[in-house]
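Grab your viewer and something to scribble on. Here are a few exercises to work through, each with a solution right behind it.

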Amino acid sequence: MTEAVHVSGGRIFMQLWHVGRISHPSLQPNGALPVAPSAIAPRFGEAYTYEGEKPYFTPRALETEEISSIVEQYRQGAENAKVAGFDGVEIHGAFGYLIDQFLQDNSNQRTDQYGSSIENRARLLMEITEAVVGVWGRGRVGIKLGPSNTYNNMADSEPIKLFSYVVEALNRFDLAYLQIMEASEADLRHGGRKIPTSIFRLLYKGTLMVNGGYEKERANTVLAEGCADLVSFGTLFISNPDLPLRFLLNAPLTPPDSSTYYPSFEPVLEGCPDSGGYTNYPFLVTERALQPVLQEVR
């Protein structure tokens with residue numbers, strides 16, 4: 001996969017993540033409980049398993065001496081990504097997964113050096129970042145954060161104070177980028193606060209990327225105003241595999257079908273038949289037909 005991306009002139013980062021309490025015993029060795037900073041289950045939602053969605057279990061709180069092994073797993077994941085030919089890695093610190101669970105105080109009620117104060121709750125992220133940067137070097141590691149995120153039942157009593165500390169502390173790592181996931185309508189419906197990215201723009205000295213329901217015109221405006229250095233696209237890329245070309249040509253966009261976002265795992269286990277979604281959205285034109293168009297644009 002990485003070779004195919006490189007042959008096409010692209011770059012590709014591997015996203016490193018640990019879901020923590022969002023997992024399920026059926027996905028764990030010997031049916032063990034998922035791990036988390038504290039033994040607190042999400043109050044709503046269900047876990048995705050190979051047998052469909054199932055209720056969350058109350059996770060097991062990690063012992064202090066176990067946390068170094070979590071850091072080591074991230075370091076090994078970074079090593080694996082390098083061997084596989086990726087150009088860098090992104091540490092997933094958002095959306096209610098393990099790092100986010102340590103950061104926010106509705107899921108982290110520890111009293112050791114990984115809990116209580118903001119500095120302590122941010123410790124795991126800083127240790128993981130140091131380990132991963134140690135593998136890849138500076139400028140090859142990105143981090144994703146979701147200050148306004150409520151997904152997977154996340155919340156913090158002082159989110160602006162928390163994420164301002166985290167963003168400023170990350171300056172020392174000379175990251176490839178810091179990606180801020182902005183508030184979605186779902187976040188606001190579930191009590192999330194719309195925290196302006198401008199707060200973090202003032203604090204972060206490196207390359208700042210934003211994401212959150214952007215389309216071409218709004219993205220260009222944000223870049224032109226200096227509110228961010230990069231804009232990433234997720235939903236539009238699902239249904240438009242050639243999204244950059246469509247932007248270049250101002251071509252119509254294919255709307256995504258959200259009903260196919262989280263299908264049963266059965267098609268995957270049976271060899272990925274064409275059951276709709278993700279990989280069967282049409283390209284605008286074939287590569288051969290595209291050449292004259294690109295020559296004219298150039």
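The exercises below go through the sheet, a helix and a few loop residues of this predicted model.

**Exercise 1. Work out the strand order of the open sheet, and say which strands stand at its edges.**

Step 1: Start at one end with β1 and β6, which are joined by four bridges and run parallel. For a register check, look at F13, which sits opposite G88 in β6.

Step 2: Go to the other end. β8 (residues 177-181) and β9 are parallel too, with four bridges between them, and M181 has N211 of β9 as its bridge partner. Then β9 connects to β10 (residues 230-231) through two bridges, again in parallel.

Step 3: Put it together. The six strands line up as β1-β6-β7-β8-β9-β10, with parallel pairing. β1 and β10 each have a single partner strand, so they are the edges, and one side of each has no neighbour in the sheet.

**Exercise 2. Take strand β9: find which residues lie on each of its faces, and then trace how the chain gets from β9 to β10.**

Step 1: Recall the general pattern: side chains in a regular strand alternate between the two faces of the sheet.

Step 2: Apply that to residues 208-211. L208 and V210 are on one side, M209 and N211 are on the other, and all of them are buried, so both faces of β9 are covered.

Step 3: Now for the link to the next strand. M209 is opposite L230 in β10. Between the two strands the chain passes through helix α9 (residues 216-224), making a right-handed β-α-β crossover.

**Exercise 3. Explain why the buried residues of α2 are on the same side of the helix, and find what they pack against.**

Step 1: Check the geometry. α2 covers residues 67-83, 17 residues in all, and spans 25 Å from first to last C-alpha, close to the expected 24 Å.

Step 2: List the buried residues: I67, I70, V71, Y74, G77, A78 and A81. Their arc around the axis is only 115°, which is why they end up on the same side of α2. The general rule behind this kind of spacing is that an α-helix has 3.6 residues a turn, so residues three or four places apart point the same way.

Step 3: Look at what is across from them. The buried residues pack against β1 (13-16), β6 (88-93), α3 (98-103) and α5 (123-136). As for orientation, α2 lies across β1 and β6, at about 160° to β1.

Step 4: Follow the chain a little further. Just after α2, G85 has a positive phi of about 95°.

**Exercise 4. Compare N30 and N152, both non-glycine residues with a positive phi: which is buried and which is exposed?**

Step 1: Keep the background in mind: most residues other than glycine have a negative phi.

Step 2: Take N30, with a phi of about 60°, in the loop between β1 and β2 (35-36). Its relative accessibility is 85%, so N30 counts as exposed.

Step 3: Take N152, with a phi of about 65°, in the loop between β7 (141-145) and α6 (159-169). Its relative accessible area is 8%, so N152 is buried.

Step 4: Finish with N153, which is also in the loop between β7 and α6. N153 is buried, at 7% relative accessible area. Leaving aside residues up to four places away in sequence, N153 touches R21, A41, P42, R43, F44 and N106.

Technical notes
Residues numbered from 1 in each chain as written. Predicted model: local features only at pLDDT ≥ 70, side-chain atom pairs only at ≥ 80, totals over all residues. Heavy atoms only, no water. Expected span 1.5 Å × (residues − 1). Buried < 20%, exposed > 50% of the residue type's maximum accessible area, 1.4 Å probe, protein only. Arc of directions from axis to C-beta. Contact = heavy atoms within 4.5 Å. Pairing = 2+ DSSP bridges. Right-handed = clockwise from strand over helix to strand, strands pointing away. Axes fitted to C-alpha atoms, helices over the stretch in contact; angles between N-to-C directions.
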